[in-house]
Amino acid sequence: MRFVIIAISIVFLVLGFQKAEAQKFGYVDSKFILSKMPEYKEAQQEIESLSAAWQNEIQGMRKEIESMYSELKAEEVLLTKELKEERLAVIEKKEQEVKEYQKKVFGFDGLFFLKKKELIKPVQDKVFEAVEVVGKKERLQIVFDKAGELIMIYTDPIHDYTDLVLEELGLIDDNDLNKN
């Protein structure tokens, strides 16, 4: 009985190793692919433009607060204690509004994050769909993204399918593939 269990275990191990050898892996560089896509570059430019506009708006609000502090400092000797405290309360309220607005724009799930997601996600989806098509064509079981958190110590270029994904997206043609 013990011999049968050992024999069955060996058979499963051998079959498991054969199956493991039959698996085909590949990788792509999504950062490189995205850099070649005009729609990604346009989305990045729009995001940078929006970010700069929001930052300028917040900077303007802060300058207004600094101006209010300067005015208070200049008039401080002429104000009663109550008036000074009242003006300080207005300035502090304005500071709080700026902090809340900054959080609303640049905070977690803020307007900036949502806009970035809205503009970038369709482009990323397009890349992932192309990766899936290439993976199926090349009969790959797993495709890694070397631009992500995955650490690759060595990669054989024979397993790099980045160019095929670029071809699938229509960003390069067969002639460009043959040059590499």
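**Exercise 1. Find what share of the chain's contacts with a separation of 6 or more is accounted for by residues 24 or more positions apart, then describe the chain as a whole.**

Solution. Residues 24 or more positions apart account for 75% of the contacts in the chain with a separation of 6 or more. The model is predicted. Next, list the elements: the chain has seven helices and two strands. Read from the N terminus, their order is α-β-α-α-α-α-β-α-α. Then turn to burial: of the 180 residues in the chain, 22% are buried. Last, take the surface: about 13,500 Å² is exposed, and carbon and sulfur atoms supply 57% of that area.

**Exercise 2. Determine which residues have the most contacts inside the largest nonpolar core, and which helices supply it.**

Solution. Step one is the size of the core: the largest nonpolar core has 20 residues. Inside it, Ile-33, Met-37, Val-127, Val-165 and Leu-169 have the most contacts. Step two is the source of these residues: α2 (30-35), α3 (38-75), α5 (111-137) and α6 each supply at least two residues of the core. The helix that gives the most is α5, with seven residues. A second, separate core has nine residues, including Ile-58, Val-98, Tyr-101 and Val-105. As background, nonpolar side chains tend to be buried together in soluble globular proteins.

Step three looks at one core residue. Neighbours within four places in sequence are left aside, and Ile-33 is then in contact with Val-28, Val-127, Thr-162, Val-165, Leu-166, Leu-169 and Leu-171.

**Exercise 3. Compare the span of helix α4 with the expected one, and say which of its residues are buried.**

Solution. Helix α4 covers residues 81-106, which is 26 residues. From its first C-alpha to its last it reaches 37 Å, close to the 38 Å expected at 1.5 Å a residue. In α4, Ile-91, Val-98, Tyr-101 and Val-105 are buried. The cover over the buried residues of α4 includes α3 and α5.

**Exercise 4. Decide whether Ser-51 is buried or exposed, and name what it touches.**

Solution. First place the residue: Ser-51 lies in helix α3. Its relative accessible area is 12%, so Ser-51 counts as buried, the cut-off being under 20%. Not counting residues up to four places away in sequence, Ser-51 touches Phe-106 and Phe-112.

**Exercise 5. Work out where Leu-164 lies and how far it is from Val-134 in sequence and in space.**

Solution. Leu-164 is in helix α6, residues 162-168. With a relative accessible area of 25%, Leu-164 is partly exposed. Leu-164 and Val-134 are 30 residues apart in sequence, and their C-alpha atoms are 6.6 Å apart in space.

**Exercise 6. Identify the residues of the nonpolar surface patch that includes Phe-144.**

Solution. The patch is formed by Phe-25, Ile-142 and Phe-144, which together have about 220 Å² of accessible area. Phe-144 belongs to strand β2, residues 142-145. Its relative accessibility is 33%, so Phe-144 counts as partly exposed.

**Exercise 7. Examine the salt bridges of Lys-94, Glu-75 and Glu-132, and say which helices hold the paired residues.**

Solution. Start with the count: there are nine salt bridges. In general, side chains of opposite charge can pair when their charged atoms come close.

- Lys-94 pairs with Glu-64, with the closest N and O atoms 3.3 Å apart. This pair links distant parts of the chain, Lys-94 being in helix α4 and Glu-64 in helix α3, 30 residues apart. Lys-94 is partly exposed at 24%, and Glu-64 is partly exposed at 39%.
- Glu-75 pairs with Arg-87, with the closest N and O atoms 2.9 Å apart. Here too distant parts of the chain are linked: Glu-75 is in helix α3 and Arg-87 in helix α4, 12 residues apart. Glu-75 is partly exposed at 31%, and Arg-87 is partly exposed at 26%.
- Glu-132 and Lys-136 meet at 3.0 Å, N to O. Both lie in helix α5, four residues apart, about one turn of the helix. Glu-132 is partly exposed at 45%, whereas Lys-136 is exposed at 60%.

To finish, note a network of salt bridges that links Lys-73, Glu-76 and Lys-84.

Technical notes
Residues numbered from 1 in each chain as written. Predicted model: local features only at pLDDT ≥ 70, side-chain atom pairs only at ≥ 80, totals over all residues. Heavy atoms only, no water. Buried < 20%, exposed > 50% of the residue type's maximum accessible area, 1.4 Å probe, protein only. Core = buried A, V, L, I, M, F, W, Y, C linked by side-chain atoms within 4.5 Å. Contact = heavy atoms within 4.5 Å. Patch = residues over 30% accessible without salt bridge, like charges linked within 9 Å, V, L, I, M, F, W, Y side chains within 5 Å. Areas by Shrake-Rupley, 256 points an atom, 1.4 Å probe, with all protein chains shown as cover. Salt bridge = Lys/Arg side-chain N within 4 Å of Asp/Glu carboxyl O. Expected span 1.5 Å × (residues − 1).
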